[in-house]
Amino acid sequence: MKYGRIYNFSAGPATMPEPVLEEIRDEMMNYRGSGMCVMEMSHRSKVFQQIADEAEQDLRDLMGIPDNYKVLFIQGGATLQFSMIPMNLMKNGLACYVETGAWSKKAIAEAKRVGEVKVVASSKDKNFSYIPDCSDLDIPDEADYVYICENETIHGLTYHTLPNTKGHVLVSDQSSMFLSRPCNVSDYGLIYAGVQKNVGPAGMVVTIIREDLIRDDLDDLPIYLRYKTHADAGSMYNTPNCWAIYVCGKVFKYLKSIGGLGEMERINQAKAQVMYDFLDHSKLFYGTVEKKDRSLMNIPFVTGDPALDAEVVAYTKAAGFENLKGHKSVGGLRASIYNAMPQAGVEALVDCLKKFELEHGKE
Ligand SMILES: *Cc1c(COP(=O)(O)O)cnc(C)c1O
């Protein structure tokens with residue numbers, strides 16, 4: 001590892017690809033002959049417009065986003081989308097939500113401030129350790145959309161099959177799995193992702209929305225909260241998060257250069273396998289999620305003894321592995337192994353955990 005960097009297992013903001021950080025460093029004082037750093041540039045300048053246009057085009061190429069979808073860069077993080085989605089998409093005032101963990105719960109709470117929410121499936125009964133069967137949900141005809149959190153960052157769950165929405169619009173929070181695998185955008189009406197998990201710096205969300213869902217009859221809604229405002233202004237109604245657009249654009253180019261999302265998925269599967277093989281054979285540690293629903297990005301695991309878990313966290317930290325403490329709602333440990341975490345980092349972590357087991361007579 002160069003520059004004294006460490007393996008950072010943070011759930012977000014999270015580790016970034018080193019070649020991207022190096023490019024940013026090289027462009028810091030003078031971006032391509034402009035004489036300025038990107039953070040000093042007018043968002044109305046030609047040079048920044050090109051950065052933003054390329055970022056959008058590279059994302060479209062990566063995901064194969066159809067022409068009838070808009071790509072929006074909006075501030076307020078993923079959290080503001082919890083509110084913007086019901087404000088913009090609830091026409092009949094009713095939406096269906098699947099409750100699978102902390103982030104879908106937050107989205108449900110916000111949607112309830114706007115209209116009626118029907119929770120059509122939940123895994124609350126087992127502390128969100130599985131994805132409920134979504135093949136035959138009871139969805140009222142008038143429901144405006146069906147909402148999922150496609151990867152629960154805290155509980156470590158992922159949908160490996162999308163719900164059967166019975167023809168209703170599917171809305172997905174992809175924050176902690178964005179660009180980790182290929183995605184068929186036409187399966188969704190709206191996809192959004194806070195970028196600080198898998199793509200870039202905090203403070204921006206990418207929203208991909210089918211054009212027919214963008215309404216122009218929302219005169220009572222504050223202008224900034226309407227998707228139409230952002231769509232009509234090319235995400236520059238006001239000063240956007242220029243720095244995040246610039247950095248995300250670099251990550252999109254980097255993902256294209258390594259072979260796109262199919263290759264990224266192959267790498268992510270191999271990486272996660274290292275961790276899950278270890279957990280499945282360990283006598284000390286075990287994963288908290290049902291095998292069929294495990295995330296490739298966020299891996300919670302425990303010993304079953306909170307005091308011992310705390311010891312492991314301190315042990316890994318002393319060995320140079322940061323941010324492995326689990327979220328308080330699950331306890332134990334959590335390894336977030338986003339796109340930018342190299343396989344060597346996961347292997348080194350597993351070696352460290354094996355050493356801990358040996359020293360505790362559990363090998
Ligand atoms: C982190 C996260 C959010 C919230 O993101 P902010 O940018 O902090 O608002 C929402 N959903 C999921 C799945 C997340 O992981």
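These questions and answers walk through a predicted model of one protein chain and its ligand.

Colleague: How many helices and strands are there in the protein chain?
Modeller: The chain has 363 residues, and 55% of them count as buried. Its C-alpha trace spans about 65 × 60 × 30 Å along the principal axes. The secondary structure comes to nine helices and 14 strands.

Colleague: What is the radius of gyration of the protein chain, and what does the globule rule give?
Modeller: The rule is applied to 363 residues. The two values are close, so the chain is as compact as a globular protein of that length. The radius of gyration is 21 Å, and the rule gives 21 Å.

Colleague: Which helix gives the most to the shell around the ligand?
Modeller: The residues around the ligand include Gly77, Ala78, Thr79 and Phe82. Trp103, Cys149, Asn151 and Thr153 are also among them, as are Asp173, Ser175, Gln196 and Lys197. One helix, residues 77-89, gives four residues to this shell. That is helix H3.

Colleague: How do the residues of the shell divide into nonpolar, polar and charged?
Modeller: Trp103 and Phe82 are among the residues around the ligand, and so are Asp173 and Lys197. The shell divides into four nonpolar, six polar and two charged.

Colleague: How far is a polar side-chain atom of Thr153 from an oxygen atom of the ligand?
Modeller: Several ligand oxygen distances can be listed here. A backbone N or O atom of Ala78 lies 3.2 Å from a ligand oxygen. For an N or O atom in the side chain of Thr79, the distance to a ligand oxygen is 2.6 Å. For Thr153, it is 2.4 Å.

Colleague: What share of the accessible area of the ligand does the protein cover?
Modeller: On its own, the ligand has 390 Å² of accessible area. The protein covers 87% of that.

Colleague: Which strands form the open sheet that holds E12, and in what order?
Modeller: Two bridges join E11 (residues 286-287) to E12, and the two run antiparallel. E12 also pairs with E14 (residues 333-336) in the antiparallel sense, over four bridges. E11 and E14 are the edge strands, each pairing on one side only. The order is E11-E12-E14.

Colleague: Which residue of E14 stands opposite Ile299?
Modeller: On the E11 side, Gly287 stands opposite Phe301 in E12. On the E14 side, the residue opposite Ile299 is Ala335.

Colleague: Is strand E12 enclosed or open, and how many of its residues are buried?
Modeller: Asn298, Pro300 and Val302 point one way from E12. Ile299 and Phe301 point the other way. Residues on both sides are buried, and the strand is largely enclosed by the rest of the structure because the buried count is five of the five.

Colleague: Which side chain makes a polar contact with the side chain of Asn298?
Modeller: Asn298 sits in strand E12. At 0% relative accessibility, it counts as buried. Its side chain makes a polar contact at 3.0 Å, and the partner is the side chain of Ser336.

Colleague: How far apart in space are Ala11 and Ser336?
Modeller: Ala11 lies in the loop between strand E1 (7-8) and helix H1 (18-27). It is buried, with a relative accessible area of 13%. In sequence, Ala11 and Ser336 are 325 residues apart. In space, the C-alpha to C-alpha distance is 5.3 Å.

Colleague: Which residues does the cis peptide bond with omega of about -10 degrees join?
Modeller: One partner, Pro13, is found in the loop between E1 and H1. Ala11 has its place in that loop too. The cis bond joins Gly12 and Pro13.

Colleague: Which side chain does Asp58 contact?
Modeller: Asp58 is found in helix H2 (residues 46-63). It counts as buried, at 7% relative accessibility. Its side chain makes a polar contact at 2.7 Å with the side chain of Lys253.

Colleague: What is phi of Asn323, in degrees?
Modeller: Asn323 is found in the loop between strand E13 (321-322) and E14. It is partly exposed, with a relative accessible area of 42%. Its phi is positive, in a residue other than glycine. The value is near 70 degrees.

Conventions: Residues numbered from 1 in each chain as written. Predicted model: local features only at pLDDT ≥ 70, side-chain atom pairs only at ≥ 80, totals over all residues. Heavy atoms only, no water. Buried < 20%, exposed > 50% of the residue type's maximum accessible area, 1.4 Å probe, protein only. Pairing = 2+ DSSP bridges. Near = heavy atom within 4 Å. Polar contact = N/O pair within 3.5 Å; in protein donor to acceptor, adjacent residues only side chain to side chain. Areas by Shrake-Rupley, 256 points an atom, 1.4 Å probe, with all protein chains shown as cover. Nonpolar A, V, L, I, M, F, W, Y, C, P; charged D, E, K, R; others polar. Rg over C-alpha atoms; globule rule 2.2 N^0.38 Å.
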